[in-house]
Amino acid sequence: YGDSTTAGVTSSGGRNVISKENEMTYLQQMLQEKYGPDIRIENHGSPGAQVSELINAKESWEQRMAQSDASIILINYGINDARVFSGKNHSHGAESPQDFNRILTGLVKTAKAHGKQVVLQQPNPLCGRAEQWNVWPYVYQINAVAREQQVPVVRQYELIKQQKTWNSQMSPDCIHPTKDLYQLKAQQTFALLSHDFDAVFKSTH
């Protein structure tokens, strides 16, 4: 579950398009290569989404988790949450970092109550004008929720920032990764999943 960076949006020629060369596609390929063809990822990325969409949807998060046959739930939000909150007039639905923490905590607790393993993902960093949205306080809250709820977190923001030329791997809009950065994100998520949940994947056969 996540936003456009989960769905796989890239910006090309001034237009945003959902690319098949996205993190979840690459991640499924990596997991299938290691654990076999039965591994399946359902991509519930929604462009423009904030984390609150999961609790405001017609189908409640409780229902989704009760009906889902997924073993592991990946959650990746923060960019749109920061974008909306950074607006001068806090529009309806704006979430402070504290609101974000509260909502994310509830989502994790509900998923765990339905027997799911939960993995949080930091958003990728932003560049250019998008930097002013200030996504870091939301990254901080993701880390805090991961600690409090004892779930792992893929430190995409921090790991990507360590790459000296990371912003050259961003789309021209400075919000969405290119396919190369999506592949790097997939490698980082794969490294955590295969390390922490090796037994879960091996039991899916």
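User: Let's start with L74. Which residue stands opposite L74 in β4?

Analyst: That's V119; keep in mind this is a predicted model. L74 and V119 face each other across strands, with V119 sitting in β4.

User: How many bridges join β3 to β4, and how do those two run?

Analyst: Four bridges, and the strands run parallel. β3 covers residues 72–75, while β4 takes in residues 117–121.

User: Is β4 mostly covered or mostly open?

Analyst: Mostly covered. Four of the five residues in β4 are buried.

User: What about β5, how many bridges join β4 to that one?

Analyst: Two, again with the strands running parallel. β5 is residues 153–154, and V153 there stands opposite L120.

User: Which helix does the chain go through from β4 to β5?

Analyst: Helix α7, residues 136–149. The β-α-β crossover that results is right-handed.

User: Switching topic: where is S11 found?

Analyst: In strand β1, which spans residues 9–12.

User: Buried or exposed, and why do you call S11 that?

Analyst: Buried, because the relative accessible area of S11 is 12%, and the cut-off for buried is under 20%.

User: OK, so which residues does S11 touch, leaving out those up to four places away in sequence?

Analyst: N16, S171, P172 and D173.

User: And what does the side chain of S11 reach on D173?

Analyst: The backbone nitrogen of D173, at 3.3 Å.

Terms used:
Residues numbered from 1 in each chain as written. Predicted model: local features only at pLDDT ≥ 70, side-chain atom pairs only at ≥ 80, totals over all residues. Heavy atoms only, no water. Buried < 20%, exposed > 50% of the residue type's maximum accessible area, 1.4 Å probe, protein only. Pairing = 2+ DSSP bridges. Right-handed = clockwise from strand over helix to strand, strands pointing away. Polar contact = N/O pair within 3.5 Å; in protein donor to acceptor, adjacent residues only side chain to side chain. Contact = heavy atoms within 4.5 Å.
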